Amino acid sequence: MPVTCDATDFAYIKASTLSSNGRQFTDEFGRTLSLRGLNVGGDTKLPSSVSPDGKLSFVGRPFPLEEARERLEQMKACGVGMLRWLVTWEALEHRAPGIYDDDYITYLIAAWKIAKDLGLLVFIDIHQDVWGRHSGGSGAPEWTFELAGLDVTKLRETHAASLLSEEEKGELGVDAGPSGRLWPTNYSKFAVGTMFTLFFAGSTFAPSFEHTKFPGENIQDILQKYYIRALSHLARRLKKAKLTNVVGWDLMNEPHHGWIGLKDLRKYNEDKELHLGAMPTAVEGMYLAAGIPMSVPYYERSWPHPTRKTGTRLMNKECVSVWMEERKDIWRAERVWDVNGTGTPSLLKPTYFTKDPRTGAEIDFRRDFYAPFVQKLTTELRSILGPDTWIFLEPVPNESPKWIVPDEGLGKVCYAPHWYDLRVLFEKEFSPKVSFNVQALSNGSRNLLAHTYFGLNGLLKNYTTQFKTFVDDLRHFPINTPVLIGETGVPFDQNDRHGYKTGDWTLPSQQLEAMLGAMEKNLILNYTLWTYSAGNNGPETAGDKWNLEDLSLISQHSSVKDLNGGAHEGIYDNLRAADVFIRPYAPKVAGEVKAMSWDPKKKLFKLVFMPNVVKDEEDYGRRITEVFIPRIHFPKGLKLIERAGKEKKIVLEPEIKYGDITQDQTVYYMHEVGQDLVTLEFSDPEHEVEEKSAVSWTLVLTLILPLLVLLLALRSRD
């Protein structure tokens with residue numbers, strides 16, 4: 001029998017019975033749920049195969065179907081209850097508009113059926129990064145660029161996107177992905193700015209658009225129509241398969257506003273938009289795309305400002321145009337810019353994307369573009385799957401959540417923001433001695449000292465402060481909006497690949513511990529860590545297989561294989577930081593959680609909750625709390641201290657079911673009818689936890705200080 005975890009068995013949950021109470025998820029019995037798990041997975045952004053004639057397949061992403069049960073069982077044994085499963089628009093509809101890859105969807109359904117058998121919940125993440133693979137990221141199919149008139153083979157030459165040349169990839173020695181570590185800079189580049197602007201607001205800002213295959217339709221309507229139809233096709237297949245464990249949809253990963261609302265086409269906000277390498281402004285990008293050479297600013301890494309301008313670079317010396325033959329330059333057609341009589345480009349409308357060109361009214365991205373899209377897509381999905389389908393929404397990291405707040409009446413919505421220590425993520429350098437609140441600095445603060453923290457305690461305080469902003473963000477949302485951190489994680493190739501070279505993964509483990517501890521301090525019970533990439537085999541083969549990222553908690557690299565020893569029936573094989581992300585928690589609490597924390601040094605898990613009010617002692621569903629007690633931390637048994645009101649009870653071997661009994665790593669606790677606040681403390685019986693002294697230090701100081709003052713006064717007389 002494989003090791004598993006009964007506490008994270010959510011087979012009884014479906015969208016209609018998954019509810020919320022304030023900022024937490026609840027089940028049909030009124031129990032507070034902690035939905036913790038993983039993103040599956042980073043390499044899903046890329047095709048599993050490309051034929052010689054260019055045909056794509058995503059079947060087998062994130063792992064071959066024959067491996068699915070073993071991998072999902074491993075996740076379950078690690079306490080995973082929720083999976084954020086990546087699916088890209090390209091994977092669904094890469095051939096042409098309206099032609100779907102049903103082989104891939106059949107694969108997905110088979111994998112999700114296995115997850116259902118294991119009691120794992122799934123929400124589908126329609127993933128994108130900087131629009132699509134051809135602009136340096138993932139997400140949209142190639143034909144979307146062609147629909148706009150962009151020749152994807154010319155994006156690099158025109159610097160419409162930062163893309164690695166074959167020579168640059170060869171120098172790196174691995175398949176570094178389309179853009180390598182420069183991929184986030186593409187949010188400020190022409191291709192991405194154009195595509196997101198057209199997707200959300202083409203009818204407003206590109207009303208002159210024409211396409212012979214779609215007469216009378218604007219590109220915004222065409223793109224959104226096919227996006228929604230692709231997701232609807234998947235939804236109908238889901239309904240037919242009766243996959244009730246798929247409880248929701250992340251409608252678009254980190255949706256970007258493109259140029260919508262950009263106050264001046266001649267400048268970007270360097271605090272929020274990563275500037276690295278050659279960085280044309282929006283209008284310079286328009287000129288370059290039209291085949292006009294431009295000398296553009298060039299940025300290099302620095303500190304405390306993340307980058308600094310070090311010079312300029314002449315781009316597009318060959319005068320290549322990104323526009324396909326017989327297709328119009330969209331922005332020149334709208335008279336955003338033009339060429340004067342001397343052949344010099346001239347910006348005509350620097351604030352073009354701040355007002356509706358037809359009415360002159362100020363535009364609001366959320367109100368005018370994003371919210372209507374979310375409403376339209378949500379309505380379509382729920383018309384197929386039912387009104388209880390959950391919708392997960394998040395902004396781009398470090399952006400305000402105000403522009404993704406749903407309209408009232410949207411129903412079941414979860415705020416699912418992403419958080420990374422952006423300095424560590426992009427520089428791949430981490431020190432436990434000093435850390436910075438990059439979130440505050442990127443929002444414009446220049447008080448470096450106030451946002452600098454020292455030591456591991458300082459790191460925890462730093463991250464706690466940053467995660468608190470997500471709890472504070474809820475004031476913008478409807479009352480019953482739970483929080484789930486959709487992405488957070490650490491780069492395991494940090495510090496010049498120290499872990500790979502030495503087999504010592506202490507540094508990324510320390511960073512991850514601070515992240516998880518910070519969420520616990522903020523009572524953020526729900527998260528899906530980034531990421532589980534089954535194909536990760538270390539930096540020699542490009543880590544997670546996408547743009548040199550290496551955040552996977554699993555790796556086949558030789559430095560990881562024996563990291564956790566062989567004493568746990570293989571459930572921790574190839575896992576990094578297993579003793580950090582596998583931690584005790586209570587997936588189902590029969591009441592309102594007041595505190596839930598794990599102290600790895602003391603080997604102490606503490607749960608405090610106000611029990612559900614029950615009138616009938618046989619109302620077991622509302623009385624039973626289920627706690628995940630991982631054997632990696634408690635290999636020799638368990639000590640439980642139960643505090644109910646003023647009473648304290650010590651149980652050396654509570655009803656724990658793993659080891660020699662069964663394999664489910666679960667403790668069940670049932671509170672009494674009428675019971676008051678409950679505190680449960682689980683610890684290793686061989687690891688003594690010091691009781692806090694009942695003596696008040698304030699009282700001690702109150703008694704001692706007057707005596708010290710008196711002694712000093714007597715000595716001064718002498």
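Hi everyone, this is a short walk through the central sheet of one chain, the helices on it, and the confidence of the model.

A word of caution to begin: what you see is a predicted model. Averaged over the chain, the pLDDT is 90, and 91% of the residues reach at least 70. I'll come back to two weak stretches at the end.

Let's start with the sheet. It is open and built from seven strands, in the order 16-15-9-8-7-4-19, with parallel pairing. Which strands stand at the edges? They are strand 16, residues 413-415, and strand 19, residues 527-532. Each has a single partner strand, so one side of each lacks a neighbour in the sheet. Going from one strand to the next, the twist averages 30°.

Now please look at strands 7 and 8. Strand 7 covers residues 82-88 and strand 8 covers residues 121-127, and seven bridges join them in the parallel sense. If you'd like a landmark, find Val87, which sits opposite Ile126 of strand 8.

Next, the helices. Helix 7, residues 219-241, packs on the sheet and touches both strand 8 and strand 9, the latter being residues 246-250. The direction of helix 7 makes about 170° with that of strand 9. Strand 9 also has helix 10, residues 365-385, lying across it. Helix 10 lies across strand 15 (390-393) as well, and runs at about 150° to strand 15.

Back to those weak stretches, as promised. The pLDDT is below 50 over residues 656-662, a stretch with 20 contacts in the model beyond near neighbours in sequence. Over residues 692-703 the pLDDT is also below 50, and there the model has two such contacts.

Thanks for listening!

Note on methods. Residues numbered from 1 in each chain as written. Predicted model: local features only at pLDDT ≥ 70, side-chain atom pairs only at ≥ 80, totals over all residues. Heavy atoms only, no water. Pairing = 2+ DSSP bridges. Helix = DSSP H or I, 4+ residues; strand = E, 2+ residues; numbered from the N terminus. Axes fitted to C-alpha atoms, helices over the stretch in contact; angles between N-to-C directions. Contact = heavy atoms within 4.5 Å. pLDDT = per-residue confidence, 0-100.
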